[in-house]
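Work through these exercises with the model open beside you. Try each task before you read its solution.

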Amino acid sequence: MKIGILTHHWVFNYGANLQTLSTVCFLRNNGHEPFVINWVQEDAEEYYYKTTETEMADMFRKFQEEYYPLTLLCRSAKDIADVIKQNGIEKVIIGSDTVFMLHSRQFSLRSWKWTQPTSESVFPNPFWGEFLDYGIDIPVIAYSAATLDLNLSAFKSKREEIGRYLKRFKIITTRDQYTSEIISFFTRGAMVPVITPDPVFSFNNNFIQNLSREDFLNKYHLPNKYILVCFTEGYQKKATAFVNELNNLTKKSGYELIELPRQTGRKLFDIKHVDTIMNPIEWYNMIRFSNGFIGQLMHPIVISIHNSVPFFCIDYYGRRKLRATFIDYKTSKAYQIINQVEKVNCYKNIAGRFDMMPSPKYVLESILSQIDHPDYSITEKMNKKSDNSMKLMLE
């Protein structure tokens, strides 16, 4: 069967590229012909090129052209409908990732101006099945879909319209409980999606690698015992003192602290780095072969769980209220996944204006405790659930 994949495949983001590749390989491994529908939003593309180093952007583009079966470039829902017809695509999978975003323009008191959301987060758009309006009549499913930073009250007036779009899907599964509840709200209970894992939880099965840890460490001149740390640019100031102290404590424990490469290409801390520009597969293996991960990003947490790597999530996501005085951290995509595997003791949210970083000593002790007392049960549970869910997706 010819199956189209519509997701955040093109963005300069390691996790998004890995979940796309995992889905592509899964379909191929099961005898299907995948097509990555090359919908690239002009406004979002402009933003990514402004915020990403040129060499990093070039690396992502080259990776996507090499590993994805890309269709012709699409700029609109009509373009997508055209490539579906031209390629004889018989089914479309939307997701995984944050494909069900609903954003509206916001007024920033800091810059004193209105900011407009990019087109992939404005309803309707192709992620909501908008291309079905152009004479397309094939099954469409959403797999492990998610939403992010949704101000539900701003979209209650569109409840019926959004629900009508969602009811055209053959089936919807979500990556977290929060998104499932949102879908149920908009469809007035007609659709209550089950929760399925991110496709990266099946990466080792879908993308087979013949690579030893020793060979990988030698290639990138990495020490045998290393722990990764990663924060975004917006939290550099808040995290610098934390990372400096953590670096000293890590060395005393016999490990080396290394900054995980960011998709922007920028280095934030005065600690060890990998100088080589890594593609998404190499980035995945850097986490896979590490002794621990500490930081904010969701997909490194997924990779850690998938490979039984100790982790501690210091999260910056969550719905903000009263200018970030209060944070609904349960809406965070990282929290939702960590809560599923019952590891909330390895989680701290710092999104709030008055939220402090956790103690570096406490975080490192958590990592070392996980190294000394590994729990492989959560890895087995999530990997098995992901493998089974992806098989059911085709059925």
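**Exercise 1.** How many bridges join strand S8 to strand S10, and do they run parallel or antiparallel?

Before solving, note the ground rules. This is a predicted model, in which local features need pLDDT of at least 70 and side-chain atom pairs count only at pLDDT 80 or more, while totals for chains, interfaces and linings use all residues. Residues are numbered from 1 along each chain as its sequence is written, and side-chain values use heavy atoms, with hydrogens and water left out.

*Solution.* Step one: find the strands. S8 covers residues 226–230 and S10 covers residues 293–295. Helices (H or I, at least four residues) and strands (E, at least two) are DSSP runs, numbered from the N terminus. Step two: count. Three bridges join S8 to S10, and the two run parallel. Two strands pair if DSSP finds at least two bridges between them. Step three: pick one bridge. Leucine 228 has phenylalanine 293 in S10 as its bridge partner.

**Exercise 2.** Place S8 and S10 in their sheet, and explain what is special about the edge strands.

*Solution.* Start with the order. The open sheet has five strands, S9-S8-S10-S11-S14, with parallel pairing. The edges are S9 (256–259) and S14 (347–349); each has a single partner strand, so one side of each is left without a neighbour in the sheet. Next, the twist. Neighbouring strands are turned by 20 degrees against each other on average, direction ignored. Axes are lines fitted to C-alpha atoms, for helices over the stretch in contact, and angles run from 0 to 180 degrees between N-to-C directions. Finally, add a helix. H9 (residues 236–252) lies across S8, S9, S10 and S11 (311–315), at about 145 degrees to S9. H11 (residues 298–306) packs on the sheet too, touching S10 and S11, and its direction makes about 165 degrees with that of S11. Contact means heavy atoms within 4.5 Å.

**Exercise 3.** Trace the chain around strand S1 and give the handedness of its crossover to S2.

*Solution.* Begin with the sheet. Its five strands have the order S2-S1-S3-S6-S7, it is open, and the pairing is parallel. S2 (33–36) and S7 (171–174) stand at its edges with a single partner strand each, so one side of each lacks a neighbour in the sheet. Now take the neighbours of S1. Four bridges join S1 to S2, with isoleucine 5 partnered by valine 36 in S2. The chain crosses from S1 through H1 to S2, and this β-α-β crossover is right-handed. That term applies if, with the strands pointing away from the viewer, the path from the first strand over the helix to the second runs clockwise. S1 (residues 2–6) also pairs with S3 (residues 91–94), in the parallel sense, over four bridges. There, leucine 6 stands opposite isoleucine 94. The helix H1 (residues 14–29) lies across S1, S2 and S3, at about 155 degrees to S2. Check the cover last: four of the five residues of S1 are buried. Buried means under 20% relative accessible area, exposed over 50%, partly exposed in between (1.4 Å probe, protein chains only).

**Exercise 4.** Classify the ring pair of phenylalanine 123 and tyrosine 165.

*Solution.* Recall the rule. Rings of Phe, Tyr and Trp (its six-membered ring) pair if their centres lie within 6.5 Å; planes under 30 degrees apart count as stacked, over 60 as edge-to-face and the rest as tilted. The structure holds 25 aromatic pairs. In this one, the centres are 5.1 Å apart and the planes are at 75 degrees, so the pair is edge-to-face. Now locate the partners. Phenylalanine 123 is in the loop between S5 (113–115) and S6 (140–145), tyrosine 165 is in helix H5, and they are 42 residues apart. Both are buried.

**Exercise 5.** Which residues does glycine 163 touch, not counting residues up to four places away in sequence?

*Solution.* Glycine 163 is found in H5 (residues 159–166). At 2% relative accessibility, this glycine counts as buried. Its contacts are Phe186 and Thr187. The C-alpha atoms of glycine 163 and phenylalanine 186 are separated by 4.7 Å, with the residues 23 apart along the chain.
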